[in-house]
Amino acid sequence: MSANLNAGVAPGRQPDLVIDVRNLTRTYQLGSQEVHALRGVSLAIERGEFVAIMGASGSGKSTLMNLIGCLDQTSGGTYLLEGVDIAALDEQALAKIRSRRIGFVFQSFNLLPRTTAAENVALPLFYSGLLADGAHRVRETLALLGLGERLDNRPNQLSGGQQQRVALARALINQPAILLADEPTGNLDSTTANEIMNTLRDLNREQGLTVILVTHEQEMADFADRIITLRDGLVLSDIRKNDAPTLVKGTTQPLPTEAASSGLSLAELFSFLSMAFIAAFSAIGRNKLRSALTMLGIFIGVCALIIMLAVGEGARAAVQEQLKSLGTDLLIVLPGSSRGGGVRGGSGSASSLKVADGAAILEEDPAVAVISYVNRQSAQVENGDENWSTSVQGVTPSYLAIRNWGLSAGRLISETDEREGRTVCILGQTVVDNLFGEGQNPIGATVIVKNVPMEVIGVLAVKGHSASGQDQDDVALIPFRTSQVRVLGVAQPSVAMTQGGTVYPAPPNPFNIQAKLQGFVQTMYIQARGADQVKAALEQVTQTLERRHRIKPDQSDDFSVRDLTEIAEVADENSRVMELLLAAIASISLLVGGIGIMNILLVSVTERTREIGIRMAIGARRFHVLLQFLIEATLLSLIGGGAGVLAGIVASKVIAHVAGWPTLLHTSIIIGAFCFSAGIGMFFGFYPARKASLLNPIDALRYE
């Protein structure tokens, strides 16, 4: 049967109802079967009452307790808490009620096993934001319950009665208006049970705390001033003792009346974040091996990312430095592509540039200051029993000045060397190292270049490897005229030539020695009169060559003029693309590490489901749970990412030292990699965190 709404209220007294339940029902769906836990319960409880709810197992008393405590939702009926309809409140408002207005004491204690008594008691303070003088309040509350010397003991170091007292202290720490005790003495011996019940009665008598006790033991129910008995989801009886004391009204604050009033304050957020970081570090420390393996994927990913970006940035900087060394006022002219048999060769495959073209450019184009010709070919260079295959380049005297390339020994190719076609050469350091023994001076020595004896007059300064890995010091420079008439066979000499006392006769039908050579040129280096004249020089050179080569408007040029600025932009873009490709490859391991974090957190959510329920029961909101797991995932990523950054920096330095590859690490790369690892943790940690936050508090508490 059902009691009337004001059952148990003393006659002649205006009731101050803290709980008003009207026709409350709760139905659970178990497969295809419906279980009616409550079938229309109505009752009213005044502020300051000590009420015991009794009944056999399955009578609905625990379900009623969970509904009163805002842990579960009703199927029907009305529940007014201090005049506010609970059904109208959102999850945040309900969490605030559980945090500040209702305290829970559970039969199984529900203490966090790896935290001390003081930490368990302080936990509700972090969710409520009431941290002011929190440590003093924790000590005072535990001392009130006889546990002043047990602050630092963990639950496994306490007896059952002591654990229940810690749970009671936790329920009281936020000074709630209502204390709900669900079978608080079920796991205790009779002496300890009586001590707990006496404590509850003292709190009710002295502080005016409204106490609602769920029990199936008559002896425990006798401590209460009013006993409500349930059977099969209905109120069977509601009896107030005749000797019940006058109610002592506790002081409370009004409940929130709408969802908007339940926003998270800065104080609450700050207090929660401090607790969440401590809890996250504790969770990581509890499972050291699992955490280390989880962080390993992030560590490898960030380390690889740092190395790849360092190598990519180093190569890019090297290319830019090489192009910069050529000068900002330089143009490079190359012959066009050849065609034959329907097949088109690459750029430079045609013989479309001549020495006469260069002479015309120098004479007709006012923006051009200096021009140099270059022909190159791989050839064998010999010195006694030693030989070396290298790039032999025929260059004009201005070539090294245009290239900003100096000598480490000897002299430059002179105008006389060029004009007379002397057989002299300048060797790169790699060629010197391979042809001459240690301590030998190559200056003045005679080497054989493609079967032509040549005197070594200089050694080039060391340039090292290019960004593409080419050895720039593996080269031999000879006068351009000499390359044409003696080495590369592009043109014929006009007179006999002498080298080392040996006379090399001129071929039949000699040209006049003063005549300009008409041989072909593989590359022209053109220096403008200034950086501001580069565009003008490019336009003038293009027009001159088109006129000389008789290029019609509708035809493609048989040459190409390249501005080093454009070359630098193309090289920079290529380097950037390669760098991004390397970073993308390295990021794959980061994604794998992120998946590992998600997997571990899903396992952690399953393992800690009951803990999540406990936290929600004492005031944690869904946002709190979500943020706590996100913080844990982010910390895993940040620790792994930080270690990966350090390892990547060291590895990039080792690579630069051992392999000789250019590496460059910007601060932005380090910060970016570190932040990216944090982002990976947050991204992959969001799903497990959200899954945890969406758990129903009562289902989480019942999880085994």
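In this predicted model, valine 333 of β11 has valine 561 in β24 as its bridge partner. Strand β11 (residues 330–335) and strand β24 (residues 559–563) are joined by 5 bridges, in the antiparallel sense. A second partner is strand β23 (residues 523–528), which pairs with β11 over 4 bridges, again antiparallel. Here leucine 330 is matched with glutamine 527 of β23. Strand β11 is largely enclosed by the rest of the structure, because 6 of its 6 residues are buried. Both of its faces are covered. Leu330, Ile332 and Leu334 are buried on one side, and Leu331, Val333 and Pro335 are buried on the other.

An open sheet of 4 strands was also found, in the order β2-β1-β4-β5. Its pairing is antiparallel. The edges are formed by β2 (33–46) and β5 (84–85), each of which pairs on one side only. Within this sheet, strand β1 (residues 17–30) and strand β4 (residues 76–81) share 5 bridges. Arginine 22 stands opposite threonine 78 of β4.

A further open sheet has 6 strands and mixed pairing. The strand order is β6-β7-β8-β3-β9-β10. β6 (102–105) and β10 (234–240) each have a single partner strand, so one side of each is left without a neighbour in the sheet. On average, neighbouring strands are turned by 15 degrees against each other, direction ignored. β6 runs parallel to strand β7 (residues 178–182), and 4 bridges join the two. One facing pair is glycine 103 and leucine 179, the latter in β7. Helix α6 (residues 190–207) packs on this sheet. The helix touches β3 (50–54), β7 and β8 (210–214), and its direction makes about 135 degrees with that of β3.

The largest nonpolar core holds 120 residues. Which members touch the most others? They are Ile19, Leu64, Tyr79, Leu81, Ile178, Leu179 and Ile212. Helix α18 (residues 622–658) gives the most to this core, with 10 residues. At least three residues come from each of domain 1 (17–249) and domain 2 (275–321 + 569–702). Another core, of 20 residues, lies apart from it and includes Leu353, Ile371, Ala528 and Ala537. In soluble globular proteins, nonpolar side chains tend to be buried together.

The contacts of tyrosine 79 were examined with neighbours within four places in sequence left aside. Its partners are Ile19, Asp20, Val21, Leu24, Leu67, Ile68, Cys70, Val84, Asp85 and Ile86. One of these, cysteine 70, is placed in the loop between α1 (61–68) and β4. Is cysteine 70 buried or exposed? With a relative accessible area of 4%, it is buried, because the cut-off is under 20%.

Cysteine 70 also has a positive phi, near 60 degrees, and is not a glycine. Phenylalanine 109 has a positive phi too, of about 70 degrees, although it is not a glycine. Most residues other than glycine have a negative phi. Phenylalanine 109 is placed in the loop between β6 and α3. At 10% relative accessibility, phenylalanine 109 counts as buried.

Helix α3 (residues 117–128) is mostly covered, with 11 of its 12 residues buried. Among them are Ala117, Asn120, Leu123, Phe126 and Tyr127. Glycine 129 follows α3 and has a positive phi, near 80 degrees.

Helix α18 is also the place of threonine 634. This residue is buried, with a relative accessible area of 14%. Not counting residues up to four places away in sequence, threonine 634 touches Ala678 and Met682.

The unreviewed UniProt entry lists residues 263–285, 292–312, 580–605, 625–651 and 663–687 under "transmembrane region". How far apart are the end C-alpha atoms of residues 292–312? They lie 29 Å apart, and the span is 100% helix and 0% strand. For residues 663–687, the end C-alpha atoms lie 38 Å apart. That span is 84% helix and 0% strand.

Methods:
Residues are numbered from 1 along each chain as its sequence is written. Side-chain values use heavy atoms; hydrogens and water are left out. Two strands pair if DSSP finds at least two bridges between them. A nonpolar core is a set of buried Ala, Val, Leu, Ile, Met, Phe, Trp, Tyr and Cys residues joined through side-chain atoms within 4.5 Å. Buried means under 20% relative accessible area, exposed over 50%, partly exposed in between (1.4 Å probe, protein chains only). Domain bounds come from an automatic or database domain assignment. Contact means heavy atoms within 4.5 Å. Axes are lines fitted to C-alpha atoms, for helices over the stretch in contact, and angles run from 0 to 180 degrees between N-to-C directions. UniProt positions are given in the numbering used here, feature names are shortened, and annotations may be inferred rather than shown by experiment.
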